[in-house]
Amino acid sequence: MTQFLNKLKQDILNKIKDANNLKTIDEIYRAYLGRKGELTKVLRSIKDMPEKERIKTGKLANQVKKEIEEVINAKKSKLQTISSQLPDKEQIDVTIPGLKVPRGHLHPITLVQREVEEIFQSMGFSILDGPEVETAHYHFDALNIPKDHPARDVWDTFWLKDFDLLLRAQTSPMQVRYMEKNNPPLRIIVPGRCFRRDATDSTHDFQFHQFEGLMVGEDISTANFKAIVEEFFKRFFSSSDIQTRLRPSYFPFVEPGFEVDVKRKGNDWLEIMGAGMVHPNVFKAVGYNLKDWQGFAFGAGIERLAMIKYQIDDIRLFFNSDLRFLKQF
Ligand code: DAH
């Protein structure tokens, strides 16, 4: 019996040691010390034993019971302490580094627009905004594009009301709005969003950005224009190896008009903007005296500049909000 009790004690102690929750401890208690527990059975059987055996086993069994109870109680309070520290009573560790809040950044179109603004500002140009909804007067008539003029089709766009209000298809109308209210000499840049009902493909979208430039003074010439755009391209492409050339072209609001091509070192010629000397009819429309003033105007697409600078081959990437694309800037 002594041997049996010692073995039983060892088994129980091992089980208590392995137990890692209060439920298991209760189960162990019930299995050995409960009403039908194994140790309880031994204790009950003692009274029927012969006297010698009864004294010896009784003493040992009671010792074992006492010891087991003590160990169970100790383990119980230990487990209770641990469970009281679990989640809902968890403490805050102020030494753990905080979570970083992801920060956004400027869109590539905004980056290029700001760079354009900065470069021209440093050459004395003011930056202006214009309305995205224009009137036919500023968008066409005052720019020497009368109602029956075929060039009107080129900029035919989203009409909002009775062929009088439209989403602007170019930033050129701001030339007129500005000159109406200001006298030369003047230098302005007007960046902004434009709209055309073009079919969408890799180089066209129904919305895009342009910047318009205008410089008017007593003797502003094409030579001045060439010097200024060349300086602009050198800074924009961060290269001194830049060539520009002007090819004759037609825009109703300039005379003569040209396409401006740019050649960067090791690259082909690229057509980048339209330009020309301000047409006398535009000066007339704003009430300037033709004998006093002359100047140049130009307009360029911001997406196109961004595509060249960052080597992007599809204009639609700018507006489809794909973070894999946007995160690269
Ligand atoms: N507004 C023209 C366009 O959207 C671009 C342009 C060409 C602007 C010649 C000008 C210019 O100021 O002189 O196609």
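## A walk from strand S8 to the ligand

Let us start at proline 256, which is found in strand S8 (residues 254-264); strands here are DSSP runs of E with at least two residues, helices are runs of H or I with at least four, and both are numbered from the N terminus. The peptide bond that leads from glutamate 255 to proline 256 is cis, with omega near 0°. This is a predicted model, in which local features need pLDDT of at least 70 and side-chain atom pairs count only at pLDDT 80 or more, while totals for chains, interfaces and linings use all residues. Residues are numbered from 1 along each chain as its sequence is written, and side-chain values use heavy atoms, leaving out hydrogens and water.

A cis peptide bond also joins proline 184 and proline 185, with omega about 0°. Proline 185 belongs to the loop between helix H7 (173-181) and S5. Another backbone detail is found at asparagine 144, a residue other than glycine whose phi is positive, near 65°. Look for asparagine 144 in the loop between helix H6 (136-139) and strand S3 (159-161). For background, most residues other than glycine have a negative phi, and most peptide bonds are trans.

Now step back to the sheet. Seven strands form an open sheet with mixed pairing, in the order S1-S5-S6-S10-S9-S8-S7; two strands pair if DSSP finds at least two bridges between them. At the edges are strand S1 (126-127) and strand S7 (242-249), each pairing on one side only. Strand S5 (residues 186-195) runs antiparallel to S6, and 10 bridges join the two. Within this pair, valine 190 stands opposite glutamate 212 in S6.

Glutamate 212 takes us on to the ligand, as it is among the residues that come nearest, with Gln170, Ser172, Arg196 and Gln210, out of 16 around the ligand (near means a heavy atom within 4 Å). Strand S6 (207-217), strand S9 (269-278) and strand S10 (294-301) each supply at least two residues of this shell.

Which atoms make polar contacts, meaning pairs of N or O atoms within 3.5 Å? A polar side-chain atom of glutamine 170 lies 2.7 Å from a ligand nitrogen, and a side-chain N or O atom of serine 172 is 2.9 Å from a nitrogen of the ligand. Alanine 297 uses a backbone N or O atom, 3.1 Å from a ligand oxygen. Taken alone, the ligand exposes 350 Å², and the protein buries 93% of that (Shrake-Rupley method, 1.4 Å probe).

Methods. Polar contact = N/O pair within 3.5 Å; in protein donor to acceptor, adjacent residues only side chain to side chain.
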